[in-house]
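User: Could you walk me through this protein model, one feature at a time? I would like short answers that I can check against the structure.

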Amino acid sequence: WKAVRSRRWIGDARRFAHAGQALGKGVWLGAFGRGGGSSTLGAVALVVRSAEVGRRGCRSSSARRPASMVRAMSREEAIRILSTHPAVVEVLDASPPDFPDTGMVVLRLDDGRMLGIDPDLTEPAHADESEGDRVARVHRAVDAMRSPGEVGVDLDGVVPLVRSADYFAPRGELVPATVGWLTDFIGFGLAVDEPTTLRVVPESDLPGDRTAEYDIDLQAKAIGNLRSMEETMAFAEVGLGPDVLALTAPPGNEASWFADAAAMEELLTRLGERTNTAWAVIPARRNDIFLVNVATDRWGDLLDELEEAVEAHDSVQPLPHVVANRHWQLSLPPKTSQLGQRLHRLRLRVEGRVYNTLKEVVQQDSEHLVADYEDLYTSDEELFSMSFVPESAPSVSIPRVDVAAFECGHLILDVPCSEITRQLPHLIQPHPGTHPQRLVVSHPSDDDYATLKSLAIR
């Protein structure tokens, strides 16, 4: 792991469209293939598929444009097109108080309901889509979201929908279904990949009394459909050399592969065998899932893009992950390095955004005071995540942070949560049903406060 001076990365879609012509200049494309439509990965090989990747690049070119351009265009176009739907009374660019601020455009319908819409829905489905076809497609999607029970969903045809945890928070009557958690911050949802749109499966289309086994079956079905739909795991360079790649399919739902930990583990293994180094996966946005050689000298450039992705409405979790025992876990270098420090700061931003976005949703159903996720700089300038525990509260739900800051009279006791768990386990318990997980801190007794003072960071 090495830190280098930053240089801006512009993800140019033409790099994909002309990939075949660029092969002689060191640009390489790859695909991991499966034979015979098998539901398991077969022999894996690096192959050049310039025509295929060029075609896919054109279909998913919006993901390769500069992020600021995509966001501005998405919102402007979303407001313009959605306002033409006959059932839409008003299009709100900013979320109202009862909606989490997740970057969605909010529709006020003629029946009084509110509906959140991903502005990316209004992006052209393909380069040749006419304006009339585009508007009609968006209107059909709005109709489907307005009456999910009437439209119905073929659950045999679902594919994975990989999203940040805050995406699955209730928004009015639309609650995206969650059938599992890939990490504390990434949910496993479902969608139907229709010819012109990706239709999200809401909770109302699943049985209300479904079991964990039912959800596991849906996960397996969705992953199997994804593998059958895509003959290869296609990927290509993004402008940072052969050490930073991006999956290019399925167009518009590239992050769905993150749900298939087994396939991604084999992909990382094969890439590692090719370079004799470790590789990681970064699910940055819904359409940007990066494969990164951890020994690359382009981390500075990549981090510029990841830091911008944190606040994007389509952000997932723009941090390096690896697979261990078929489960995802974060993989960050030590904080002693410049790169490690920058990634640590990025992690705090990512986690803080999700926790604080969901704070109001959690508070609505909680008997505990729900506290914010904050930053704490110690006297030696080391950065920690922190949550405040007021002395007046009988119990407080805090994010899973490094330090709990207890109010004690005129003092603030900054205590590592690991020490509270070890020495005062009765004070801190998991908050059931929260994703990412929160912890409930009970009100300390006088003896507890004495112990907390002895554990406080000085």
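**Threonine 183 and beyond**

Analyst: Let's start with a side chain: that of threonine 183 reaches the backbone nitrogen of phenylalanine 185 at 3.0 Å. A polar contact here is a pair of N or O atoms within 3.5 Å; within protein, one must be able to donate a hydrogen and the other to accept it, and residues adjacent in sequence count only if both atoms are side-chain atoms. This is a predicted model, where local features need pLDDT of at least 70, side-chain atom pairs count only at pLDDT 80 or more, and totals for chains, interfaces and linings use all residues. Residues are numbered from 1 along each chain as its sequence is written, and side-chain values use heavy atoms, with hydrogens and water left out.

User: Which other backbone nitrogen does the side chain of threonine 183 reach, at 3.1 Å?

Analyst: Threonine 183 lies in strand β6, residues 180-183 (helices, H or I, of at least four residues and strands, E, of at least two are DSSP runs, numbered from the N terminus). At 3.1 Å, its side chain reaches the backbone nitrogen of isoleucine 186.

User: Is threonine 183 buried or exposed?

Analyst: Leaving aside neighbours within four places in sequence, threonine 183 is in contact (heavy atoms within 4.5 Å) with Phe258, Gln317, His321 and Trp328. Buried means under 20% relative accessible area, exposed over 50%, and partly exposed in between, using a 1.4 Å probe and protein chains only. With a relative accessibility of 14%, threonine 183 therefore counts as buried.

User: What are the phi values of asparagine 325 and arginine 326?

Analyst: Most residues other than glycine have a negative phi. Asparagine 325 sits in the loop between β13 and β14 (327-330), and arginine 326 lies in the loop between β13 and β14 too. Asparagine 325 is exposed at 70% relative accessible area, and arginine 326 is exposed at 54%. Phi is positive in both: near 55° for asparagine 325 and about 65° for arginine 326.

User: Where is the cis peptide bond with proline 436, and what is its omega?

Analyst: Most peptide bonds are trans. Proline 436 is in the loop between β21 (428-431) and β22 (438-442). The cis bond runs from histidine 435 to proline 436, with omega near -5°.

User: Which residue is joined to proline 250 by a cis peptide bond?

Analyst: Look in the loop between β10 (244-247) and α8 (261-275), where proline 250 has its place. The cis bond has an omega of about -5°, and the partner of proline 250 is alanine 249.

User: How far apart are the end C-alpha atoms of helix α10?

Analyst: Helix α10 covers residues 338-357, 20 in number. The expected span is 1.5 Å times one less than the number of residues, so α10 should span 28 Å. The model agrees with this, as the end C-alpha atoms are 29 Å apart.

User: How many residues of α10 are buried?

Analyst: Helix α10 is largely enclosed by the rest of the structure. That follows because the buried residues number 14 of the 20.

User: How many residues of helix α9 are buried?

Analyst: Helix α9 (residues 299-309) is mostly covered. Among its buried residues are Trp299, Leu302 and Leu306. The count of buried residues is 9 of 11.

User: Is alanine 324 buried, partly exposed or exposed?

Analyst: Alanine 324 lies in strand β13, residues 321-324. Its relative accessibility is 26%, so alanine 324 counts as partly exposed.
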